[in-house]
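Here's a quick back-and-forth for anyone poking at this model at the bench. Have a look first, then we'll talk it through.

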Amino acid sequence: MPSTPTGYGSVANFNESPRNGLAKIQTHKKHDNGVCHDDSVPTVKAQTIDELHSLQQKKSAPTTPIEGTLTPFATLSEEERQRQQLKSISASLASLTRETGPKVVKGDPARRKTETQRLAHDHPVAPTIAVSDSALKFTHVLYNLSPAELYEQAIKYEKGSFITSTGALATLSGAKTGRSPRDKRVVKDHVTENELWWGKGSPNIEMDEHSFMVNRERAVDYLNSLDKVFVNDQFLNWDPENKIKVRIVSARAYHSLFMHNMCIRPTPEELENFGTPDFTIYNAGQFPCNRYTHYMTSSTSIDINLARREMVILGTQYAGEMKKGLFSVMHYLMPKRRILSLHSGCNIGKDGDVALFFGLSGTGKTTLSTDHNRYLIGDDEHCWSENGVSNIEGGCYAKCIDLSQEKEPDIFNAIRFGTVLENVVFDEHTRQVDYTDKSVTENTRAAYPIEYIPNALLPCVGPHPKNVILLACDAFGVLPPVSKLNLAQTMYHFISGYTALVAGTEDGIKEPQATFSACFGAAFIMLHPTKYAAMLAEKMQKHGATGWLVNTGWSGGSYGQGSRIKLPYTRKIIDAIHSGSLLNASYKKTQIFGLEIPTAVEGVPSEILEPANMWSDKKAYTETLMKLGRLFKMNFETFINYKIGRDSKLTEEILAAALPLQFYISFSFPLRFHALIDNSSSAQITSRS
């Protein structure tokens, strides 16, 4: 039979015997230099679809040299590296009834059934106290997953997880949409009994070691009962000499991604040599605590054991508990190294001048520390050591309520792939977020890596601060827009931590309500506030930093009568602080509080610098000022029975920060309150009550 062309570059051969009545067709490749080319490639090296999928994912090769080897290029084998990591994680998950730790294996259980069976013989477990079904199963570990992997886990397995129109992961934190400070406990033992701040005004609510272990066992047993857990090994503190290794064990991809963003992300080389963590979090927030356990007052408990370097979370899925729990731990660990931990924002100018921003919610801390003319070191948590300042975190946790691109473009644009959006409301079709919607909670949040901010400084470290700015949103309208503080006044206002809630922000508030939070973060400090104040003053004195009190609140009357100080004016004031021009201004002292206020600031109307000028009713102004003074006095009485340091050198200066109040309001602070800076040794706290 003659051959007949059947297509470009090939011919059909019908010469072979037919099969089932059809001739077998063979093609022959054309090897000449014709118009058409052979674009075929070898087939993939896979026999099954699973093998094909395995080829899609390339494994990272270990690069860490083995310590003690002669050749600098010797590395740990992949098998040995995996074995060491699993051994460390298994030890973290050991419970009282399984002292050797559970069987752990890496990977998603949905994909690793065959692999699990193969590895079973590599993880023999001999329970030393009791045997239970959980000792017979594997706990699959999803270790330091990437954001893309965590997205897949969240969307597939966690109800309430969605991708928004900008690529962020929207999640729900469950019944708790904020922190539960009344459910936070700290183990009180023979060490912490004398070191920590306990009693009136303290955020530290005690529990004993036994109750902590009951809750720890409950959390670990819950985590071990799951098919899989997420494990993050990360760092705190960008200062390489003082970084802390933390391990977070959690049940939700949302929590793992949140901490991936908020902690400092290790390099592959750092991860291979991570070893044993300095602190571990067991987040079993989906499981309640046993309310019959001693010290428990609800089904929620957040417990810290400083001796064991562990934290247990039960009964709340709000991710902020992990962030602030670690911040509390840093407030304990860092002062032991003579490093001051600070609840503040921090930025740096192009000339290397660093500014710290302290302020409670609504004072403008995030807005004013985010400046396109300066680099952002961090928005919330910092350390001040002998090396300078360093950010504790690797990310930002910004409020989203009423967020807009016009007002806060950097934060708005940071909400993209990799960002966690908590409890926001979005259009079910377009997935566009409505940041004004409070249907779930007013406390909507975004957690994103700090490098998502365009002007972030990496690594997040800087020299010693030049300016310390204390922000207050004074809804009473009697504090000046800016005041220069001496060292004693800085300590006084830092310990006070003042701002004011305005009517309507909370149910039942009809007039301004003064709010005081020691060190501008009382909920997170572990030691007495005067300890941190003494360290702050010591460092300010040693490095020549200047203290400022900036009012971002009302002028010309209290909330409802006056008006809020315009943001452009406040920015001009902050600019003048950064440039140093305010140091050379002329000042006059106010009678109440004894504050030094400038007579002129470039770009700011001079009349608003003196609050009394803006009040039409001078008598009302004086009465309101005295009222605020009394509130300061009542709040400060909590701290007058403590001594900082070894003598009374600054006692009179600290008291002078409030002496004008003695004259005008007829009250006095007992001379039992002593504060000083001892530059030769760390400040000590003793009770004189």
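Two strands count as paired if DSSP finds at least two bridges between them. Keep in mind that this is a predicted model.

Q: In which sense do strand β21 and strand β24 pair?
A: Strand β21 covers residues 420-422 and strand β24 covers residues 445-449. Pairing takes at least two bridges, and these strands have three bridges. Their pairing sense is antiparallel.

Q: Which residue in β24 stands opposite Leu421?
A: β21 takes in residues 420-422 and pairs with β24. Across from Leu421, in β24, stands Ala446.

Q: Which strands stand at the edges of the five-strand sheet?
A: The open sheet runs in the order β5-β6-β21-β24-β20, with mixed pairing. An edge strand has a single partner, so one side of it is left without a neighbour in the sheet. That puts at the edges β5 (162-163) and β20 (395-399).

Q: Is Thr171 buried or exposed?
A: Thr171 sits in strand β6, residues 169-171. Leaving aside neighbours within four places in sequence, its contacts include Tyr254, Val420, Leu421 and Glu422. The cut-off for buried is under 20% relative accessible area. Thr171 comes in at 2%, so the verdict is buried.

Q: How many Å apart in space are Thr171 and Ile155, C-alpha to C-alpha?
A: In sequence, Thr171 and Ile155 are 16 residues apart. In space, their C-alpha to C-alpha separation is 9.4 Å.

Q: What relative accessible area does Thr192 have?
A: Thr192 belongs to helix α5, residues 192-195. Not counting residues up to four places away in sequence, Thr192 touches Val187, Trp198 and Leu306. Thr192 is buried, and its relative accessible area is 2%.

Technical notes: Residues numbered from 1 in each chain as written. Predicted model: local features only at pLDDT ≥ 70, side-chain atom pairs only at ≥ 80, totals over all residues. Heavy atoms only, no water. Helix = DSSP H or I, 4+ residues; strand = E, 2+ residues; numbered from the N terminus. Buried < 20%, exposed > 50% of the residue type's maximum accessible area, 1.4 Å probe, protein only. Contact = heavy atoms within 4.5 Å.
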